[in-house]
Amino acid sequence: MKNKWQRMLSMAVILTIIMTTVIFVAPTPALADGRSYGVELILGTRNESDAGTYGPVYASFGYEDPNGNRQYTQEQEIAPEGFTAGETKAYNLTYSGCSPWMIRTVRLHQTGGTGWAPGSIRLNLRNIGGGGAVSTNTETFPRTFWLYKGNYAEATFDANTIKRTPGSHGGYDGWNKTQYVTEESRGVSTLNWDGNVNDNRYGSYNVRSCDRTPTLKMSSSNSNITAAKFTPLSESTEAKFEYDEAELYKQMVANNLGRVDFNFSLKFDSGSTARDLEHNRTLTIYRRCFGLGGEDMSANNTFNERVTGSSAYNYYFNKDKKEVTIKLQPTTMHMEGITSQTKTELAKGFFCDASLYSGNNTTSDKLLCDMRKSNSNGVLTFTGTLPDNVDSLSDGVNLVLNNVYALHGEYAYKYSLDNGTTTFSRYFSEYKVDTKSPTISVVDVAGKPYEISNAYRQSQ
């Protein structure tokens, strides 16, 4: 109990501090979080003469709404019996209206008939997922501060000791992965996240049922891909990403893609965390495909003739030079760069039906020969023998591979050509074929042919 002049001096100080908070006496609408939470309120009284009070004390918790405005939970009685000087009491309370990481202050309301000198105040916010508690810093009221009947006192805590610190994110963490599609892919592939997280401070909980639900957004590395569907996280829906495998494969072929990335960004705003936290995940989908190229016919034994008026050559196969050798090699994988090891593995697992045609043709009447396949150090070699009696002096030769695929990887996955077909061809315009036998005719000066007797032919 204080004397009259002491009370008047204290009242002057109190009014200066508290008048700005009196407008918040009435409870205000809560946030979306309708759950109840446990908190331990530890409250001390200064150890000096007449510091206690016999009247009840009430408490409420101040928090930030989505617009950053201060709101308060429902006021509840914590000390019906009052306090004595130097006494510290702990109260286990249950409150609702906001998630614990949104609490910023504790507001005390004294309804007793005497002045009260609160000393220190601290909160232990219960771990939502069970276990320990999150302790705030201890706040101390000024030594000259007294709280009288009908007035309010408010202690503000360091928000960084209260805000949540999400660590892992349940199913969402599994969205950081690599998948593959092939020409044989069927069905729908799906990723789901129900919103469960593991918080380093508050344990396990579902962000959809708490304040400040984080935002989850998706972007694609190619806007032409429409085979995927994304459902963002919200209070009423789980996050979901799905794609039709067969349709995605077709779209990747149509857009000349060997890879597409779907990027996800999960963002917690700074109102509930110490800073804006962004957790990114990427789903990379590869099309199992490879490219062929590096065609080479330089190893062939041919008759060479310089083209008139040009520095180029034409190369002729004839009756003495009928063996054809053409080399190819894998040049890309997933339409990206390729290592020498991968090149060697693809060449070993390469399959096709190879043929050589006259001219830039693929019809059966232009077939010259079938080609044999071998491989060495990542190089595919195709060899064949040209038939006799072929005269294709104005055309080149066309190597055609049908039913092309390769088996690669530990489980021998099937890879297709990057053009989305099973056919590959290369036309060599400068290589001609002339395997006809030469003919000799004898004519007189008038151009009339001589008849060569059988005896002469045989003697030759």
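The exercises below, each with a worked solution, concern a predicted model of a protein chain.

**Exercise 1. Describe the chain as a whole: its secondary structure, its buried share, its contacts and its surface.**

Step 1. The secondary structure comes to four helices and 32 strands.

Step 2. Of the 460 residues in the chain, 44% are buried.

Step 3. Take the contacts with a separation of 6 or more: residues 24 or more positions apart account for 72% of them.

Step 4. The accessible surface is about 22,800 Å², and carbon and sulfur atoms hold 47% of that area.

**Exercise 2. Classify the ring pair of Phe230 and Phe264, and place both residues in the fold.**

Step 1. Rings are paired when their centres lie within 6.5 Å. By this rule the chain has 21 aromatic pairs.

Step 2. For Phe230 and Phe264 the centres are 5.9 Å apart and the planes make an angle of 50 degrees, and the pair is tilted.

Step 3. Phe230 belongs to strand E17 (residues 228–231) and Phe264 to strand E19 (residues 259–268); with their positions 34 residues apart, the pair links distant parts of the chain.

Step 4. Both Phe230 and Phe264 are buried.

Step 5. The two rings also belong to a cluster linked by ring pairs, whose members are Tyr172, Trp175, Trp193, Phe230, Phe241, Tyr243, Phe262 and Phe264.

**Exercise 3. Work out why the pair of Phe351 and Tyr405 counts as stacked, and state what the pair connects.**

Step 1. The centres of Phe351 and Tyr405 are 5.1 Å apart, with 15 degrees between the planes.

Step 2. Planes under 30 degrees apart count as stacked, so this pair falls in that class.

Step 3. Phe351 is in strand E25 (residues 350–358) and Tyr405 in strand E29 (residues 397–408), so the pair ties together parts 54 residues apart in sequence.

Step 4. Phe351 has a relative accessible area of 37% and is partly exposed. Tyr405 is partly exposed as well, at 26%.

Step 5. Tyr405 has a further partner: Lys414 lies over the face of its ring, at 5.1 Å from the ring centre. An arginine is placed in this way too, with Arg288 over the face of Tyr413 at 3.9 Å from the ring centre.

**Exercise 4. Locate His169, decide whether the residue is buried or exposed, and list what it touches.**

Step 1. His169 is in the loop between strand E11 (166–168) and strand E12 (177–181).

Step 2. The relative accessibility of His169 is 0%, so the residue counts as buried.

Step 3. Leaving out residues up to four places away in sequence, His169 touches Trp193, Asn196, Val197, Leu266, Phe268, His279 and Arg281.

**Exercise 5. Show how helix H3 is oriented by its buried and exposed residues.**

Step 1. In H3 (residues 340–348) the buried residues are Thr342, Leu346 and Ala347.

Step 2. These residues cover an arc of only 135 degrees around the axis, so they are on the same side of H3.

Step 3. Exposed residues Ser340, Gln341 and Lys348 are carried on the face turned away from the buried side.

Step 4. The cover over the buried residues of H3 includes strand E21 (289–296), strand E24 (323–333), E25, strand E26 (367–376), strand E27 (379–385) and E29.

**Exercise 6. Describe the surroundings of Thr190.**

Step 1. Thr190 is part of strand E13 (residues 188–193). Its relative accessibility is 33%, so the residue counts as partly exposed.

Step 2. Beyond its neighbours within four places in sequence, Thr190 contacts Lys240, Phe241 and Glu242.

Step 3. Thr190 and Tyr243 are 53 residues apart in sequence, yet their C-alpha atoms are 6.8 Å apart.

**Exercise 7. Compare the settings of Asn256 and His334, two residues with positive phi.**

Step 1. Most residues other than glycine have a negative phi.

Step 2. Asn256 is not a glycine but has a positive phi of about 55 degrees. His334, also not a glycine, has a positive phi of about 60 degrees.

Step 3. Asn256 is in the loop between helix H2 (245–254) and E19, while His334 is in the loop between E24 and H3.

Step 4. Asn256 is exposed, with a relative accessible area of 52%, whereas His334 counts as buried at 9%.

**Exercise 8. Count the disulfides and give the burial of Cys210 and Cys352.**

Step 1. A disulfide needs two cysteine sulfur atoms within 2.5 Å. By this rule the count is zero.

Step 2. Cys210 is buried at 3% relative accessibility, and Cys352 is buried at 18%.

Notes. Residues are numbered from 1 along each chain as its sequence is written. This is a predicted model: local features need pLDDT of at least 70, side-chain atom pairs count only at pLDDT 80 or more; totals for chains, interfaces and linings use all residues. Side-chain values use heavy atoms; hydrogens and water are left out. Rings of Phe, Tyr and Trp (its six-membered ring) pair if their centres lie within 6.5 Å; planes under 30 degrees apart count as stacked, over 60 as edge-to-face and the rest as tilted. Helices (H or I, at least four residues) and strands (E, at least two) are DSSP runs, numbered from the N terminus. Buried means under 20% relative accessible area, exposed over 50%, partly exposed in between (1.4 Å probe, protein chains only). A charge sits over a ring if NZ of Lys or CZ of Arg is within 6 Å of the ring centre and within 35 degrees of the ring normal. Contact means heavy atoms within 4.5 Å. Accessible areas come from the Shrake-Rupley method with a 1.4 Å probe; for residues, only the protein chains shown count as cover. The arc is that of the directions from the helix axis to the C-beta atoms.
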